[in-house]
Amino acid sequence: MSSPSSEIFRRGVQIQKRTLIAWSAALVLLALSVAGAWPSMEKSGALEDFASGVSPEVATAFGIDQISSASGYLKGNLYAVLLPLLLGLMAVTATAALTGGDEEAGRLELLLALPVARRTVFLVRFLCVAFGLAVTSLLVWLSVYGSVVAFDMDVSGGGVAAVTLTVGLLAVLHAGVAYAVVGFGFGRGPALGVAAGVLVVGYLLHAIAPMSDALEPLSNISPWEWALGSDPLVNGVPWGGLALLLVLSVLVVAAGTHAVGRRDVRNA
C-alpha cells in the first residue's frame, strides 16, 4: 500500500474498532457457550431425544440431522445457521457504514482530498471490513478449536479450520454485495437491505429448496450451499465452493469499485 492508502486503512480500522471488539466478543462467547454445553448435553442424552422428535427434512434444513455427534452438534448449533448469519450481518452492516454511511454523512470528504484515487478510498474501506472479518473468524476458530481440545470432542482441528474459513468467506461475499450497491450510488439503506436480503434468500435456497424436488436445483445457486453444502466440518475445505465464493466476491467488489469511479460522491 502507498502511504495515503495506509493512512486510509488505519483510520478505517480505528473507526470500526469498538464495533469489531463488540462483534468479536459476542461471537466468541457464542462459540464458547455452544461448545461448553457439549459435555452435559452428551451425558444427558437430550440430543438424541431432540433429534428423534424432528422430521428428517426439517433436521437437515437446520443442520441438526446428526446433532447427537460432536461434529453434528457444532454444526447444528453454530456453523449451520447462527455463525454464518451473524457474521454475514456483521459484514453487511460494517461495509454499509464505512462506505455508504460515511459518504452520506460527509465524512469521506477529508479522505477524498488526499492524493489517492476515489476508487482506492472505497476499496481500502472494503479491505478494512475484510480485515475485521478475518480477525473475528480467527478468534472464533481459536475458541472452537480450544474447546474441542479441552472437552475431548471427536472433531478434527482441520475440519474446524475449514468450516470457519468458508463461513468467513461467505461473510466477505455479502460484504462485497453491500459494497457494490454503495458503489453504484444507492446509499447505506439500500446496501443493508439488498445484502441482508441476499444473505437470507441464500440461506432459504440452501436449507428449504432441497425439501422440494422442483426447487432442489435452486440450492446450487446459493452461496450457502457452496460454503456449507459438503459439510466442511467433517469433509474439509470444499475447494470448488471456495473458488466460487472467491470469484464472485472479486466480481462484485470489482463492479462496485469501477462504478464508484464513474459517479459523483455525495456531500453531507
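Helix 7 supplies the largest share of the lining of the second largest pocket, six residues. This is a predicted model, and the pocket in question holds about 180 Å³ of space. Its lining is made up of Ile15, Gln16, Thr19, Leu20, Trp23, Met90, Thr93, Ala94, Ala97, Leu98 and Asp102. Helix 2 and helix 7 are the elements that give two or more residues to that lining. Sorted by class, the lining comes out as seven nonpolar, three polar and one charged residues.

How far can the model be trusted? Averaged over the chain, pLDDT is 89, and 90% of the residues score at least 70. Confidence varies by element, though: helix 4 (residues 46-52) sits at the bottom with a mean of 61, and helix 10 at the top with 97. As a rule, predicted coordinates should not be read in detail where pLDDT is low.

Now for the interior. The largest nonpolar core counts 70 residues, and those touching the most other members are Leu74, Leu78, Tyr79, Leu133, Val144, Met153 and Val155. Two or more residues each come from helix 2 (17-36), helix 6 (70-79), helix 7 (82-105), helix 9 (118-150), helix 10 (157-183), helix 11 (188-207), helix 12 (223-228) and helix 14 (239-260). Helix 10 gives the largest share, 15 residues. Nonpolar side chains do tend to be buried together in soluble globular proteins. Val155, one of the core residues with the most such contacts, gives a feel for how these pieces meet: beyond its neighbours up to four places away in sequence, Val155 touches Ala70, Ser71, Leu74, Val148, Val160 and Leu233.

Helix 9 offers two buried residues to look at. One is Ser143, which lies in this helix. Ser143 counts as buried because its relative accessible area is 11%, under the 20% cut-off. Setting aside neighbours within four places in sequence, Ser143 is in contact with Val28, Ala31 and Leu32. The other is Val121, also found in helix 9. With a relative accessibility of 0%, Val121 is buried too. Its contacts, again leaving out residues up to four places away, are Ile8, Leu108, Leu111, Leu112 and Val116. What separates Val121 from Tyr73 in space? The two are 48 residues apart along the chain, and their C-alpha atoms are separated by 42 Å.

Over in helix 10, Val182 is buried as well, at a relative accessible area of 1%. Val182 and Phe122 are 60 residues apart along the chain, yet 9.5 Å separates their C-alpha atoms. Phe122 is also on the list of residues that Val182 touches beyond four places in sequence, along with Thr99, Gly100, Glu103, Gly187, Ala191 and Arg263.

Helix 12 contains Leu228, and a relative accessibility of 8% makes this residue buried. Not counting residues up to four places away, Leu228 is in touch with Tyr79, Ala80, Pro84, Val163, Thr166, Val167 and His206. Tyr79, for its part, is among the core residues that touch the most other members. Gly261 is another matter: Leu228 and Gly261 are 33 residues apart in sequence, and their C-alpha atoms are 35 Å apart.

Two aspartates in loops deserve a look for their backbone angles. Most residues other than glycine have a negative phi. Asp152, however, has a phi near 50 degrees, a positive value, and Asp231 has a positive phi of about 55 degrees. Asp152 is placed in the loop between helix 9 and helix 10, while Asp231 lies in the loop between helix 12 and helix 13 (232-235). Are these two aspartates buried or exposed? Asp152 is exposed, because its relative accessibility of 69% is over the 50% cut-off. Asp231 counts as buried, because its relative accessibility is 15%, under the 20% cut-off.

Key:
Residues numbered from 1 in each chain as written. Predicted model: local features only at pLDDT ≥ 70, side-chain atom pairs only at ≥ 80, totals over all residues. Heavy atoms only, no water. Core = buried A, V, L, I, M, F, W, Y, C linked by side-chain atoms within 4.5 Å. Buried < 20%, exposed > 50% of the residue type's maximum accessible area, 1.4 Å probe, protein only. Helix = DSSP H or I, 4+ residues; strand = E, 2+ residues; numbered from the N terminus. Contact = heavy atoms within 4.5 Å. 1 Å grid on protein atoms, 1.4 Å probe; cavity = no way out; pocket = protein on both sides within 12 Å on 5 of 7 lines; lining within 4 Å. Points joined across faces, edges and corners; volume = space filled by probe spheres on them. Nonpolar A, V, L, I, M, F, W, Y, C, P; charged D, E, K, R; others polar. pLDDT = per-residue confidence, 0-100.
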